Each structure stands twice: as structure tokens, then as C-alpha cells.
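Okay, thanks for coming, everyone. I'll put the sequence and the structure up on the screen, and then we can walk through a few spots together.

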Amino acid sequence: MEIVVLGGGVIGVTSAWYLTKAGHHVTLLERRSGVALETSHANAGQISPGYAAPWAAPGIPLKAAKWMLQKHAPFTVRPTADPFQLRWMLQMFANCTPAAYATNKGRMVRLAHYSRDCMKTLRDTLAIDYEGRQLGTLQLFRSQSQRDASLRDIEVLEEYGVPYQSLDGAGCEEAEPALARVRGKIVGGLRLPGDETGDCFRFTQALAAEAQQLGVKMVFNCDIDEIELAQGRAVAVRAGEQRFQADAIVCALGSYATGFLRPLLRPLGLDLPVYPVKGYSLTLPMTNPDAAPRSTVLDETYKVAITRFDERIRVGGMAELSGYNLALNPKRHDTLAMVVGDLFPAGGDLSRAEFWTGLRPMTPDGTPLVGPSPIPGLWLNTGHGTLGWTMAAGSGRLLCDLISGTPPAISDEGLTLARYG
């Protein structure tokens with residue numbers, strides 16, 4: 001089959017790689033000058049199947065209201081003129097029931113754990129370098145109430161068979177020795193040894209190079225104007241004067257698949273429930289390896305992740321609903337700097353930190369959209385939120401199997417747009 005993949009982030013590149021391995025002829029279109037230059041560029045650096053859970057959870061509406069009043073709030077809303085913002089928020093809050101949370105969590109865990117296995121196979125097969133580490137994630141609790149609340153998370157982990165370690169302060173220091181330098185700030189933690197870390201940008205670039213060697217044609221600086229239909233079927237993509245004919249088209253455009261800014265799918269009658277949730281990161285040179293984290297620590301109070309690369313530290317987090325605004329907010333910089341400076345004050349050089357922001361494509365229920373659209377020939381692989389890299393390999397493999405007519409290793413029930421009616 002002739003297949004056109006729209007989008008050169010980690011989701012689009014993994015989709016293209018699997019489709020080419022399955023024997024298809026693949027062309028990938030990307031509006032930037034290379035792959036992974038937007039949301040996949042400087043994320044928190046985590047592959048976290050153990051934390052595969054929807055933001056829409058019981059108690060979140062009340063927490064969100066409290067966060068709005070905090071100086072270093074992990075969640076903020078800046079109202080826009082787009083009515084979709086309010087509609088999306090109402091849909092998310094509607095999913096904050098115990099029943100909805102259980103359903104959505106189950107779907108996300110199914111895909112995330114499958115993706116973990118696919119990622120391991122990719123890593124072992126290709127031996128690509130992306131500064132990867134397989135040392136787990138440690139969620140840090142600054143208060144006993146946070147540690148007590150983690151018992152509910154532990155119940156979910158046990159239900160889905162996710163390995164974990166519940167640690168006291170001393171146990172956290174054993175897992176992350178640099179925390180001994182700030183003893184007294186952490187009362188306990190929850191460690192997930194199955195999680196991984198690395199540089200998503202480097203991973204996506206390396207996989208793109210492998211895909212090109214397999215025959216994937218990559219067209220950069222390519223603004224996509226229209227998906228062309230014939231007799232109700234998607235048959236081609238128009239980009240300026242270029243026309244790319246296809247038997248199947250994969251939309252992996254992240255936040256830009258829908259919305260008032262780039263309404264690519266709305267003219268086709270598709271209004272995807274995917275909103276751009278803005279996140280931020282700092283990347284600073286590591287100055288003292290012994291004073292830096294070994295892997296990833298997640299500060300539960302501020303919802304900020306601190307990840308170690310080979311010679312750098314990545315600090316990522318925050319959730320801001322402000323449409324397609326890509327301005328760098330200095331308040332978010334201050335929060336990220338405060339957290340890493342508080343926990344690992346001698347680990348890196350904050351004065352040389354690179355400040356970045358990106359838009360995470362998120363659905364109201366947290367589960368991505370992977371599978372067919374209502375338009376024959378048009379397929380979706382988007383809406384992964386904060387778990388894009390975590391779910392990328394599994395999503396790409398699942399989509400490839402569905403397009404190829406191969407029985408997939410996991411069910412796509414609840415992963416397609418059909419769940420929104």
C-alpha cells in the first residue's frame with residue numbers, strides 16, 4: 001500500500017517505521033525542517049507505563065480550583081476565544097468519576113504496557129543511542145498525607161500487576177542517593193522500577209534515520225493544506241503544489257490535527273476532542289553527577305519531573321490550557337527552577353538552562369485516538385497527552401497491524417474515535 005503519514009513527531013515516526021517494516025511504501029510529511037522539533041523535542045524524558053493514568057480522576061475538579069490559587073501551580077487556565085476550550089474542560093471534568101476513571105485507566109494501561117514491550121524490542125533490535133536508562137521512576141512525597149493518598153495508587157498498580165516499591169525517606173535516599181543532601185524534605189516515595197528514561201528527540205531522530213534506510217520518504221518544510229476525498233474516501237494529501245496520492249493516510253499531527261488554528265480535519269466533518277495542553281521544560285548542564293538524580297524523580301507536590309541524561313538534567317512539567325499560545329511564561333520557568341534547585345541544588349547549572357515549551361495533544365478522557373476514522377482511508381494516531389513517548393511504539397505497531405489487516409496483539413476497543421460516538 002501507498003501510505004502517507006502526516007506529522008514528524010515521535011508518534012508519526014514510529015508509525016512510519018512500523019508501516020515500512022510491514023512492507024508498505026511510506027511518505028512522511030512534516031512542516032518543520034526535521035523530525036521531533038515540536039512536542040517531542042524537549043519533553044520530560046520519561047517512558048512511564050507505570051504512570052499511565054488519565055488526568056481526569058475523582059477529586060481533580062476540586063484540586064484544579066485549589067491549584068489556581070497557588071504561586072507554583074501545576075495547572076493553570078488562560079481563557080481563549082475558542083469555545084472548544086470550555087467544551088473540552090467540561091468533557092474532562094465529566095470523566096472525573098470513579099467508573100470513568102477505571103475504564104479510561106484500563107485502556108491506557110493496556111496500550112502503555114504493550115508499548116513498553118514494543119519499545120524493548122525496538123531497543124534490542126536497533127541498538128540506537130538516545131541516552132536511555134532503565135532505572136525506574138521515583139515519585140516523591142513531601143507530606144505524610146501524600147504518602148497516605150498513594151495507597152489508592154498502589155491498589156491500582158496491584159490490580160494491573162505493575163511492579164512497585166513503597167519507600168520511606170531512607171528508602172528514597174537509597175534509590176536516589178543525591179536526596180541525602182536535602183534530608184528532611186522528603187517523607188517517602190513510590191518507585192516504579194519498570195519505567196525508563198531518555199532523550200525523546202534523540203530517539204525520534206535515530207528511528208527516523210532507520211526508517212529512511214528502510215525506504216521511508218520524508219518531506220520536510222511541507223505545509224499540509226488539504227486531505228482530498230473521492231467518493232467519501234481519503235485518497236490524497238495536498239501541500240502547496242504537491243499532491244501525495246495514498247491508499248491510507250495517517251494523521252499524527254498531535255495538537256494540530258484539529259482546532260481553530262489549523263482546521264485540517266473539520267472540513268471533512270471531523271472535530272477531534274484533542275486539546276493542546278501546554279507544558280514546559282528546562283534543560284541544564286549537569287555539573288556534579290553525584291548531586292544529580294540517577295534516573296527520574298517526580299515531585300508530587302508540583303507535578304514536576306526531573307530526569308538525568310548523560311551530561312544534562314531535564315526538568316519538565318506544568319499543564320496550561322491557553323490554546324495554541326507558545327509564549328514562554330517566566331512564571332513557569334521559576335517553578336521548574338525552584339523544584340530542581342530545592343531537590344538537587346548542586347546537580348546542575350541553572351544559569352545555563354534552556355527554557356522550552358510544547359503543546360501536548362490530550363483527549364478529555366486521557367486515552368489516545370489510535371485506529372480508523374469515520375472516513376475510509378483516513379487513520380488517526382494522536383491524543384497521547386503527556387504519554388506520547390510512553391505509548392509511541394505500541395501505538396505505531398497497533399496502527400500498523402490495523403491498516404495491514406493483521407490481527408493485533410492487543411484489542412483496540414476503546415482506543416478509537418468511535419468511543420466518542
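I'll go through a helix pair, then charges, then cysteines, and finish with two single residues.

One thing up front: this is a predicted model, so keep that in mind as we go.

Let's start with α4, which covers residues 98-126, and α9, which covers residues 388-404. How do these two pack? Their axes are 7 Å apart, and the angle is about 90°. That is why we can call α4 roughly perpendicular to α9. If you want to find the contact on screen, the α4 side includes Met108, Leu111, Tyr114 and Leu122. Over on the α9 side, look for residues including Trp389, Met391, Arg397 and Leu398. What's the character of that contact? Sorting its residues gives 12 nonpolar, 4 polar and 2 charged.

While we're on α4, have a look at Asn104, which also lies in that helix. Is Asn104 buried or exposed? It's buried, because its relative accessibility is just 3%, against a cut-off of 20%. Skipping the neighbours within four places in sequence, Asn104 touches Pro54, Asn95, Asp365 and Thr367.

Okay, charges. In general, side chains of opposite charge can pair when their charged atoms come close. How many salt bridges do we get here? The count is 26.

One of them is in α4 again: Lys120 pairs with Asp124, with the closest N and O atoms 2.9 Å apart. Both residues sit in that helix, 4 residues apart, so about one turn. On accessibility, Lys120 is partly exposed, at 45% relative accessible area. Asp124 comes out at 52%, which puts Asp124 in the exposed class. There's also a network elsewhere: Asp129, Glu131, Asp199, Arg202 and Arg312 are joined into one by salt bridges that share partners.

Next, Glu38, which shows up in two salt bridges on my list. With Arg31, the N to O distance is 2.9 Å. With Arg32, the N to O distance is 3.5 Å. How accessible are those arginines? Arg31 has 29% relative accessibility, so that's partly exposed. Arg32 is at 33%, and that's partly exposed as well.

Now cysteines, since somebody always asks. How many disulfides are there? Searching the whole structure turns up 0. Take Cys251 as an example: why no bond there? The closest cysteine sulfur belongs to Cys222, and that's 14 Å from the sulfur of Cys251, so too far for a bond. Cys251 is also buried, with a relative accessible area of 0%. Cys96 counts as buried too, at 10% relative accessibility.

Last stop, Gly254. Where does Gly254 sit? You'll find Gly254 in the loop between β13, residues 248-251, and β14, residues 275-285. Being in a loop doesn't settle the accessibility question, so here's the number: Gly254 has a relative accessible area of 15%, and that makes it buried. Which residues does Gly254 contact, if we leave aside neighbours within four places in sequence? Those are Val274, Pro361 and Thr382. And if you want a distance to check on screen, Gly254 and Leu207 are 18 Å apart, C-alpha to C-alpha, with their positions 47 residues apart in sequence numbering.

That's my tour, so over to you for questions.

Note on methods: Residues numbered from 1 in each chain as written. Predicted model: local features only at pLDDT ≥ 70, side-chain atom pairs only at ≥ 80, totals over all residues. Heavy atoms only, no water. Axes fitted to C-alpha atoms, helices over the stretch in contact; angles between N-to-C directions. Helix = DSSP H or I, 4+ residues; strand = E, 2+ residues; numbered from the N terminus. Parallel < 35°, antiparallel > 145°, perpendicular 65-115°, else oblique. Contact = heavy atoms within 4.5 Å. Nonpolar A, V, L, I, M, F, W, Y, C, P; charged D, E, K, R; others polar. Salt bridge = Lys/Arg side-chain N within 4 Å of Asp/Glu carboxyl O. Buried < 20%, exposed > 50% of the residue type's maximum accessible area, 1.4 Å probe, protein only. Disulfide = S-S within 2.5 Å.
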